[in-house]
Amino acid sequence: MKTLVEDFKRDIDFLVGRISNDLNEKGIKEIFRLRNRLIDLKKRRVVNTAHSVMELIVARHLIKRGYRIEVEHSLNSISCDVYGLKGLGNIIVEIETGYVPPHHALEPQRYLRARISSKIARYSNYCSRFVIGIPPYYLMPLEKIFLIPPRERTLSDLKKIKELCDIYYTSPPVSTEEIKNARIHSIYIIDVDKLYIEEMDPETYYLTKLKKSD
């Protein structure tokens, strides 16, 4: 366990050195505060390196835009990856890499569709902006209902997403009301190699990424 923590710390410190170059003194202090938080969580076996690296790159992106950032932030009974406050607004960024647990290996696409839908439904009710961050190599399944304004969503479409989420999430279940009001505002495509984030609106992502794969 000690070696795992030491390896984690080495990788995180290398990243911190790279992402701190263009930050002011206040921003650097914020990054180091988040770095310490993640190392503490690693000691408790809560986080992994790949996820934490992406969280810190997102944190840097938002710190430069004036947000006060927390990572692995608790919201009632759920925890979000990156939480930011700026003035009267707040933002949540959930990192998704396409990982499928072994016990869902026989239905990976259905599982990921439900996972993404449930996250949009649950988390977007806690913030003024909800974002999902993904690596460039992950083609994230995004249900078309979330591109439609809430008032235009049909009961039939809501029922389909509700039934999909209920296959995997029952404690507590995702409610129809959560699905009806859910919004995804942006998608961050996080290039870890280049320390770069491309922000894309969901409609553009759906048309340029998902439609091409049909």
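This briefing describes the sheet, the helix packing and two individual residues of the structure above. The model is a predicted one. Its six strands form an open sheet in the order 1-2-3-4-5-6, and the pairing within that sheet is mixed. Strand 1 (68–75) and strand 6 (196–200) are the edge strands, each of them pairing on one side only. On average, neighbouring strands of this sheet are turned by 30° against each other, with direction ignored.

**Strand 4 and its partners**

- Strand 4, which covers residues 129–134, is mostly covered, since five of its six residues are buried.
- Towards strand 3 (residues 89–95), strand 4 is joined by five bridges, and the two strands run parallel; within this pair, Val93 stands opposite Val131 of strand 4.
- Between strand 3 and strand 4 the chain passes through helix 4 (residues 108–123), and the resulting β-α-β crossover is right-handed.
- Towards strand 5 (residues 186–191), strand 4 pairs over four bridges, again in the parallel sense.
- In the pairing with strand 5, Val131 has Ser186 as its bridge partner, while Ile134 stands opposite Ile189.
- Val131 of strand 4 therefore appears in both pairings, standing opposite Val93 and having Ser186 of strand 5 as its bridge partner.

**Helix 4 against the sheet and against helix 5**

- Helix 4 lies across strand 2 (78–86), strand 3 and strand 4, and its direction makes an angle of about 150° with strand 4.
- Helix 4 also packs with helix 5 (residues 155–166), at an angle of about 110° and with the two axes 9 Å apart.
- Because an angle from 65 to 115 degrees counts as roughly perpendicular, helix 4 and helix 5 are described as roughly perpendicular to each other.
- The crossing in which helix 4 passes helix 5 is left-handed.
- On the helix 4 side, the residues that meet helix 5 are Arg110, Arg113, Ala114, Ser117 and Ser118, and their counterparts in helix 5 are Ile161, Leu164 and Cys165.

**Helix 2 against helix 3**

- The axes of helix 2 and helix 3 (residues 49–63) come within 10 Å and cross at roughly 155°.
- An angle over 145 degrees counts as roughly antiparallel, so helix 2 and helix 3 are roughly antiparallel to each other.
- The crossing of helix 2 and helix 3 is right-handed.
- Helix 2 contributes Gly27, Glu30, Ile31, Leu34, Arg35 and Leu38 to this packing, and these residues meet Ser52, Glu55, Leu56, Ala59, Arg60 and Ile63 of helix 3.

**Ser20, between helix 1 and helix 2**

- Ser20 is located in the loop that lies between helix 1 (2–19) and helix 2 (25–43).
- The relative accessibility of Ser20 is 10%, and because buried means under 20%, Ser20 counts as buried.
- When neighbours within four places in sequence are left aside, Ser20 is in contact with Ile28 and Ile31; Ile31 is also among the helix 2 residues that meet helix 3.

**Thr176, in helix 6**

- Thr176 belongs to helix 6, which covers residues 176–181.
- With a relative accessible area of 34%, Thr176 falls between the limits of 20% for buried and 50% for exposed, and is therefore partly exposed.
- Thr176 touches Leu158 and Lys162, when residues up to four places away in sequence are not counted.
- From C-alpha to C-alpha, Thr176 and Leu158 are 6.4 Å apart in space, although 18 residues separate them in sequence.

Definitions and conventions. Residues numbered from 1 in each chain as written. Predicted model: local features only at pLDDT ≥ 70, side-chain atom pairs only at ≥ 80, totals over all residues. Heavy atoms only, no water. Buried < 20%, exposed > 50% of the residue type's maximum accessible area, 1.4 Å probe, protein only. Contact = heavy atoms within 4.5 Å. Pairing = 2+ DSSP bridges. Right-handed = clockwise from strand over helix to strand, strands pointing away. Axes fitted to C-alpha atoms, helices over the stretch in contact; angles between N-to-C directions. Parallel < 35°, antiparallel > 145°, perpendicular 65-115°, else oblique. Left-handed = near helix turned anticlockwise from the far one by under 90°.
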